[in-house]
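Trainee: I should like to take a close look at the empty spaces inside this protein. Could you please guide me through them with care, one space at a time?

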Amino acid sequence: NNFVALHYRAQHMNWLHCFWGLGATLGPAVIGLLLRLTGQWRGGYLGMAAAQCVLAAVMFASLPLWRKVEGGTAGRDDASGARPMRLREVLALPLAGPVLVSLLAYCGAESVMNLWCASYLVGARGISADTAASWVSLFFLGITLGRMLAGFLAARMRPAQLVRAGVLCSIAGIALLLTPLDGLLPAACLLVGLGFAPVYPSMLHRTPVVFGQQASQSVMGIQMAFAYIGSTLMPPLAGALTHLTGMGFLPLFVLGLVAVLLILSEHVNRRLCARDRQTAA
């Protein structure tokens with residue numbers, strides 16, 4: 001993530017995460033195919049292990065290309081002066097708090113949709129389990145296609161604009177989840193996925209802009225940590241709350257996380273604009 005943020009454009013970051021979506025979509029299908037062919041889980045695990053070994057070999061073989069790119073840019077940026085930073089140093093950076101919490105909120109919302117949306121469709125809307133599963137797959141399709149599309153839009157839109165447009169699109173999708181019209185639910189799942197699509201890649205890509213290239217590597221690591229804190233803690237919290245209030249509360253919980261993301265990302269945008277004006281003056 002940091003390498004792409006430093007050396008490539010926003011469209012490449014979106015396409016990088018688009019292919020994550022392809023892998024996330026294909027992985028379960030491959031496991032299912034191997035399970036049917038072999039009749040046991042061991043074949044699936046061996047297949048995934050083989051894929052990981054191939055991936056590792058390709059990564060090691062490509063290291064000279066990474067160094068070539070870094071060498072070609074060392075003279076025109078200060079990325080080569082990157083320094084390791086302690087956690088407290090990262091947290092003390094301007095805008096670190098809102099950026100980290102916004103990533104936590106986004107990844108929490110994405111994980112809640114991933115893990116609980118089918119349960120909401122079955123428990124709160126009375127949709128059959130197999131139909132609910134197929135509709136939730138539209139959420140992942142929306143993320144994958146949305147990131148492919150965002151890669152093209154990134155040539156015309158700034159990361160902040162992509163984040164804002166994505167958040168507003170996801171809010172529209174969540175609103176459809178709350179309507180009593182079941183026929184709108186597939187479109188709602190797709191729309192939330194499309195809205196979520198550009199948020200994470202765009203936020204990561206502007207890390208060097210927000211924090212400086214020397215700090216970006218350390219900040220990127222802490223950002224990943226906060227993102228996975230959100231992915232880890234928000235789904236069980238959502239489960240506990242829906243146990244108390246009913247499954248119908250789930251879209252409101254996701255909406256709350258998205259609202260936190262919108263408020264904090266707009267705060268960061270305002271601070272960055274003010275910083276740019278001060279620098280220009």
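Mentor: In this predicted model, the second largest cavity has a volume of about 30 Å³. Seven names make up its lining if you read along the chain: Trp-20, Gly-21, Ala-24, Thr-25, Phe-140, Ile-143 and Thr-144. Helix 2 and helix 6 are the elements that give two or more residues to this lining. Of these, helix 2 gives the most, with four residues. Sorted by class, the lining of the second largest cavity has four nonpolar and three polar residues, and no charged ones.

The structure holds two cavities of 30 Å³ or more, and we may now turn to the other. The largest cavity contains about 70 Å³ of space. Its lining is formed by Val-99, Ser-102, Met-203, Arg-206, Thr-207, Val-210, Phe-211, Gln-223, Ser-265 and Val-268. At least two residues of this lining come from each of helix 5, helix 10 (residues 207-211) and helix 12. The largest share, three residues, is that of helix 10. By class, five residues of the lining of the largest cavity are nonpolar, four are polar and one is charged.

Two of the helices just named also deserve attention as a pair. Helix 5 covers residues 96-123 and helix 12 covers residues 250-280; they pack with their axes 9 Å apart, at an angle of about 160°. Why is helix 5 described as roughly antiparallel to helix 12? Angles over 145 degrees count as roughly antiparallel, and the two helices are therefore placed in that group. Their crossing is left-handed. In the contact of helix 5 with helix 12 there are 21 nonpolar residues and three polar ones, with no charged residues.

Let us proceed from the cavities to the pockets. The second largest pocket has a volume of about 250 Å³. Its lining consists of Arg-158, Pro-159, Ala-160, Gln-161, Arg-164, Arg-206, Val-209, Asn-269, Leu-272, Cys-273, Arg-275 and Asp-276. The elements that give two or more residues to this lining are helix 7 (residues 159-178) and helix 12. Helix 12 provides the largest share, five residues. By class, the lining of the second largest pocket has five nonpolar, two polar and five charged residues. Please note Arg-206 in particular: this residue lines the second largest pocket, and Arg-206 also lines the largest cavity.

The largest pocket has a volume of about 860 Å³. Which of its 27 lining residues are the closest to its centre? They are Asn-1, Leu-16, His-17, Trp-20 and Tyr-200. Several helices give two or more residues to this lining: helix 1 (2-7), helix 2 (10-38), helix 3 (41-73), helix 5, helix 6 (129-153) and helix 11 (213-245). By class, the lining of the largest pocket has 19 nonpolar, six polar and two charged residues. Here you return to Trp-20, which is among the residues closest to the centre of the largest pocket and which also lines the second largest cavity. Helix 2 and helix 6, which each give two or more residues to the lining of that cavity, are likewise among the elements that give two or more residues to the lining of the largest pocket.

Technical notes. Residues numbered from 1 in each chain as written. Predicted model: local features only at pLDDT ≥ 70, side-chain atom pairs only at ≥ 80, totals over all residues. Heavy atoms only, no water. Axes fitted to C-alpha atoms, helices over the stretch in contact; angles between N-to-C directions. Parallel < 35°, antiparallel > 145°, perpendicular 65-115°, else oblique. Left-handed = near helix turned anticlockwise from the far one by under 90°. Nonpolar A, V, L, I, M, F, W, Y, C, P; charged D, E, K, R; others polar. 1 Å grid on protein atoms, 1.4 Å probe; cavity = no way out; pocket = protein on both sides within 12 Å on 5 of 7 lines; lining within 4 Å. Points joined across faces, edges and corners; volume = space filled by probe spheres on them.
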